[in-house]
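Please open the model in your viewer and keep the selection panel at hand. The tour moves through aromatic rings, charges over rings and an internal cavity.

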Amino acid sequence: MQLAEKKVESTEQPKGMLDKIFKLSENGTTIKKEVLAGITTFMTMAYILVVNPMILGDAGMDKGAVFMATALAAVIATFVMAFLANYPMVLAPGMGLNAFFAYGVVLGMGYSWQFALAAVFIEGIIFILLTFFNVREKIINAIPQTLKNAVTAGIGLFIAFIGLVGIGFVEAGGAILKLGDVKSPLALLAIFGIILTSVLISRNVKGAFLIGMIATSVIGMVTGIVVAPSKLIDAPPSLSPIFMAFRHIPSSEIFSMDMVVVVFTFLFVDLFDTIGCLVGLASKADMLDGNGNLPRAKQALFADAVGTTAGAMLGTSTVTVFVESASGIAEGGRTGLTAFTAGILFLVSTLFAPIFTSIPTQATAPVLILVGVMMASSLLKIDFNDFTEAIPAFLTVIMMPLAYSIAEGLVFGIVSYTAIKLLTGKKHEIQPTLYILSLLFVLKYAFAG
């Protein structure tokens with residue numbers, strides 16, 4: 001009996017090349033656990049393959065080509081994260097940044113989408129330089145532990161809010177928001193998904209998120225509530241309509257003040273979105289060291305810098321770490337094998353797009369909501385008896401969902417932390433970098449148009 005138990009246990013241990021590359025044994029994980037986490041993360045963020053082409057298509061770009069660029073940019077950036085940083089974070093063209101690209105720069109300011117791609121390319125080059133000279137790493141390490149815990153909880157509320165809005169449980173109305181229609185067939189399907197996944201998690205069923213998503217999708221398709229894919233496989237679309245499209249932008253546009261403004265906006269949002277995600281996700285996965293710093297932060301930050309630069313060349317908007325990576329971390333993902341698995345699926349999705357893009361929001365939203373529950377536990381690590389800690393932490397947490405931005409939540413937290421600590425005689429607890437960041441944030445909003 002003991003021999004049998006040992007034999008079963010040994011099959012769960014990571015072996016061979018993958019163990020050496022991703023240090024699975026060292027991180028207390030297995031190939032099975034990492035692959036499952038990667039599949040889960042991919043499924044929760046596969047919507048970007050549909051939504052990004054739809055948004056950039058409004059800017060006049062070829063939707064098929066954008067679909068291909070989205071998938072390939074995600075593959076490149078995620079592989080860099082997997083092999084260079086060995087973290088379970090997955091990257092893709094970011095929501096919010098793609099909206100600014102299409103509705104702000106192109107439709108709002110009246111510039112061409114080629115101009116917007118040039119701005120993204122310049123942003124990527126600047127990010128590579130900032131990462132090389134450790135500027136972004138210094139910002140991460142300067143964030144106090146209480147705000148790191150707050151960022152984790154804030155991201156939890158943020159992604160839960162995204163999930164609730166996605167399934168129509170929360171919608172615009174009333175004074176600001178109101179309860180949506182929770183009696184519609186789609187809402188009932190989502191409720192089924194939430195209950196099923198909650199039960200599976202409570203019973204410690206392995207792959208609870210993945211099982212919940214698949215079961216909810218299948219039931220929705222069988223009952224006709226959601227549309228089933230009409231075909232399983234399709235040829236990848238061509239990149240030619242958008243590949244390196246910024247090459248012919250006039251120099252007068254490249255060196256214009258509008259370009260400076262656009263690049264700065266991309267830089268600001270992406271910088272603090274990525275930092276907020278990295279810190280929050282790493283904190284939840286217990287990846288921060290004894291000083292609260294993120295090991296291999298420089299390597300992790302290279303992933304979005306390289307991804308953004310490559311993405312602009314391929315023809316898509318800014319690439320960033322996806323908060324949905326929390327779903328894979330919640331499944332036990334701890335190494336780059338999780339990211340590598342998700343990257344492979346993004347590559348495969350270029351052939352099997354009809355399948356991956358048919359996963360309904362009602363199947364993925366329950367995962368986001370329940371991961372939000374798990375991430376909110378970081379609130380327990382915050383000292384609410386010390387108001388110089390509690391107030392900045394609370395502002396960080398509450399502003400992320402209300403402002404619909406991880407970056408804005410982090411800004412409110414940093415500025416309030418610096419001001420309150422300084423004015424209460426606790427300036428010794430403030431790192432010099434926080435003074436610089438707080439000043440820059442105040443100036444940004446003071447001179448915002």
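A residue is called buried under 20% relative accessible area, exposed over 50%, and partly exposed in between (1.4 Å probe, protein chains only). The model is predicted: local features need pLDDT of at least 70 and side-chain atom pairs pLDDT 80 or more, while totals for chains, interfaces and linings use all residues. Numbering runs from 1 along each chain as its sequence is written, and side-chain values use heavy atoms, without hydrogens or water.

Begin with F83, which is partly exposed at 45% relative accessibility. Add F79, also partly exposed, at 21%. Both lie in helix 5 (residues 63-85), four residues apart, and are therefore separated by about one helical turn. Helices here are DSSP runs of H or I with at least four residues, numbered from the N terminus. Extend the selection to F22 and F340: ring pairs link these two with F79 and F83 into a cluster. Rings of Phe, Tyr and Trp (its six-membered ring) pair if their centres lie within 6.5 Å; planes under 30 degrees apart are stacked, over 60 edge-to-face, and the rest tilted.

Next, select R296 and Y87: the charged end of R296 sits over the ring of Y87, 4.4 Å from its centre. For K298 and the ring of F132, the corresponding distance is 5.2 Å. The criterion is NZ of Lys or CZ of Arg within 6 Å of the ring centre and within 35 degrees of the ring normal.

Finally, select F42 and F346, each buried with a relative accessible area of 0%.

Note on methods
Helices (H or I, at least four residues) and strands (E, at least two) are DSSP runs, numbered from the N terminus.
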